[in-house]
Each structure stands twice: as structure tokens, then as C-alpha cells.
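Please work through the exercises below with the sequence and the coordinates open beside you. Each task is followed by a solution that proceeds step by step.

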Amino acid sequence: MSLQNAKGSISIFIDAKVATIEFGHPASNSLPAQLLQELIKTIETLGLNPEVAVLVLKSQGTAAFCAGASFDELLAVSNETEGKTFFSGFAHLINAMRKCPKLIIGRVQGKVVGGGVGILAACDYVVASQEASIKLSELAIGIGPFVIEPAVSRKMGRTAFAELTISATEWKSAAWANEKGLYAQIVATHEDLDLAITDLANKIAMYNPEAVTEIKKIIWEGTTHWDSLLIERAAITGKLVLSEATKTALRSR
């Protein structure tokens, strides 16, 4: 199944109880609001599908995995309500991923920026290529990675999150992301990436689904307050995006 529109596309492939979700957007696989909403609904629906045992999340192409939020939509935000609503999209996506009863494997073929790092932190297991460097550029454009912080800090630790955030113009290598815990495995080529993902997903699909669901609960234990916390964080970012400093920084990119 494929959902396509001018704001991007989502394709779903189900084979042997492995559901692969592929999202794409011409602007380095960025995530405008409509695409975010479709991704959320897709994960929620597949999470309840008895014919699906595990989810694989990937993006189109061989370049960037995800460039985060849509700069065009950020520039269009005109008030705090609109800002909160936009950043709540990432909050709802992270919450949908953590509450999904199925394990989610992230497939990362290239660079990851901003909200994309948060999405990977919300995956249960991530396999990445050597080209999959990461960056949290939010401070450099006048906002901050407030919504994704709980997921990133939980996966990588608060010290690594601080280093990544403060070094807002610096790319961190895939090896660094692996060392800090964001990536569980690094492979050399895209072919190796597909082989590793297929092997892992097929193994998980053979596990007792009830056991997998219980493991998922344990993995995300202590995060039920994120339903409200991430929305509160979205309001902070939604206010900051209105500042002239942020607007100027966004226009210069």
C-alpha cells in the first residue's frame, strides 16, 4: 500500500509478518505535518494488526534518512498555537512509537538531523550504515530539541544529549552514535544494511508475540508521563519559533 501527496509519501509492505514502513519527501526526507500524521496513523494501525509481528521504519533513497521538521512550515508558523500544534506532531509520533505493542527496527542509510534523531531514539533497535552521521541543529536556528530530548536522553544519556545539542553545527559520526547507544549496529554497505535488517526482523517475527509485547512494555517502562510532557515541550518550541532570530536563521538556510 502506498499513500502519496505533494507533502511526501508513505509506503507499506507486509511480508512474513514483517511490516516495512517507508516514508519519503523531496526535501531530504523531511517531515511536514501531514506526513507526520500519516506516519502516526500507520504505526498505530500496524501495531494492532494481528498479521504483523515487527515493524521496520525506513526512508526513501540512499542519501539522508531524515532532515527533521519542514523549514517551510516552520517559517509559516504565525502564532504560539500553530507552533505548539506543529511540534506536537513529533510528540505524537514518538508516543505512538513507544506505545506500539510491536518492536520497531530503524533502518538508517544516511545523515540524520533534528527530529529524525528523535525518531531513531524512539525505535527499539537501530541498524545504520557508516554514512549515518547525526546532528541536532536546533540551537543554531534559535530553538532547541525540547520535544525529542526525553527520547534521546533516555537512549544516549543526558551527557551525550548535551554534547550533541551544544555542538549544533557539528556532525557526529555513526561510530559516535553507536558508542553512545543510539545505534545498536553499524554495517559497511547498504546491501549489508538490508541483510542485517531482514535477518533481525525475521528472527523477531518468530518470537512469541506475547513475550515481545511484554518486553516492549519493560523497554519503555517509566515513560507514561510522556503523553503530557512532550506536548508541554512542543509548546516551548512553538513559542521560540516565533522569535525574529529564529525566523532570520530559517530564511538563511
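The exercises concern a predicted model, and they go from confidence to helix packing and then to single residues.

**Exercise 1. Determine what mean pLDDT the chain has, and over which residues pLDDT stays under 50.**

Step 1. The mean pLDDT of the chain is 94, and 98% of its residues reach 70 or more.

Step 2. The stretch in which pLDDT stays under 50 covers residues 1–5, and for these residues the model has 12 contacts beyond four places in sequence.

**Exercise 2. Classify the packing of helix H3 against helix H10 by angle and by the handedness of the crossing.**

Step 1. Helix H3 spans residues 80–99 and helix H10 spans residues 226–240, and the two pack at an angle of about 150 degrees with their axes 7 Å apart.

Step 2. Since angles over 145 degrees count as roughly antiparallel, H3 and H10 are therefore roughly antiparallel to each other.

Step 3. The crossing of H3 and H10 is right-handed.

Step 4. On the H3 side the contact includes Phe-87, Ala-91, Ile-94 and Arg-98, while on the H10 side the residues include Trp-226, Leu-230, Ile-231 and Ala-234. By class, the contact of H3 with H10 is made up of 8 nonpolar, 6 polar and 6 charged residues.

**Exercise 3. Helix H5 packs with H4 and with H6; work out how each pair is oriented.**

Step 1. H4 (residues 115–122) and H5 (residues 149–156) pack at an angle of about 55 degrees, and their axes are 8 Å apart.

Step 2. An angle from 65 to 115 degrees would count as roughly perpendicular and one under 35 degrees as roughly parallel, and H4 and H5 are therefore oblique to each other. Their crossing is left-handed.

Step 3. In H4 the residues Val-117, Gly-118, Leu-120 and Ala-121 meet Ala-151, Val-152 and Lys-155 in H5. Sorted by class, the residues of the contact of H4 with H5 comprise 5 nonpolar, 1 polar and 1 charged.

Step 4. For the second pair, H5 and helix H6 (residues 158–166) pack at an angle of about 125 degrees, with their axes 7 Å apart, and H5 and H6 are therefore oblique to each other.

Step 5. This contact brings Glu-149, Val-152, Ser-153 and Met-156 of H5 together with Arg-158, Ala-160 and Phe-161 of H6. The residues of the contact of H5 with H6 divide into 4 nonpolar, 1 polar and 2 charged. Val-152 is thus listed both in the contact with H4 and in the contact with H6.

**Exercise 4. Locate Glu-138 and Glu-170, and decide for each whether the residue counts as buried, partly exposed or exposed.**

Step 1. Glu-138 is found in the loop between strand E8 (134–135) and H5. Its relative accessibility is 10%, and because buried means under 20%, Glu-138 counts as buried.

Step 2. Not counting residues up to four places away in sequence, Glu-138 touches Gly-114, Gly-115, Ile-143, Gly-144, Pro-145 and Ile-148.

Step 3. Glu-170 lies in the loop between H6 and helix H7 (174–180), and at 37% relative accessibility Glu-170 counts as partly exposed.

Step 4. Leaving aside neighbours within four places in sequence, Glu-170 is in contact with Ile-134 and Lys-135. Glu-170 and Leu-136 are 34 residues apart in sequence, with their C-alpha atoms 8.3 Å apart in space.

**Exercise 5. State what is notable about phi of Ala-16 and of Ser-28, and where each of them lies.**

Step 1. Most residues other than glycine have a negative phi.

Step 2. Ala-16 is not a glycine, yet has a positive phi of about 55 degrees. Ala-16 is found in the loop between strand E2 (8–15) and strand E3 (18–24), and at 55% relative accessibility Ala-16 counts as exposed.

Step 3. Ser-28 likewise has a positive phi, near 55 degrees, and lies in the loop between E3 and helix H1 (33–47). With a relative accessible area of 40%, Ser-28 is partly exposed.

**Exercise 6. Find the helix that holds Thr-213, and give the distance in space from Thr-213 to Ala-53.**

Step 1. Thr-213 is found in helix H9 (residues 209–219), and at 23% relative accessibility Thr-213 counts as partly exposed.

Step 2. Although Thr-213 and Ala-53 are 160 residues apart in sequence, they are 9.7 Å apart in space, C-alpha to C-alpha.

Methods. Residues are numbered from 1 along each chain as its sequence is written. This is a predicted model: local features need pLDDT of at least 70, side-chain atom pairs count only at pLDDT 80 or more; totals for chains, interfaces and linings use all residues. Side-chain values use heavy atoms; hydrogens and water are left out. pLDDT is the predictor's confidence in each residue, from 0 to 100. Contact means heavy atoms within 4.5 Å. Axes are lines fitted to C-alpha atoms, for helices over the stretch in contact, and angles run from 0 to 180 degrees between N-to-C directions. Helices (H or I, at least four residues) and strands (E, at least two) are DSSP runs, numbered from the N terminus. A crossing is left-handed if the near helix is turned anticlockwise from the far one by less than a right angle, and right-handed if clockwise. Ala, Val, Leu, Ile, Met, Phe, Trp, Tyr, Cys and Pro count as nonpolar, Asp, Glu, Lys and Arg as charged, and the others, Gly among them, as polar. Buried means under 20% relative accessible area, exposed over 50%, partly exposed in between (1.4 Å probe, protein chains only).
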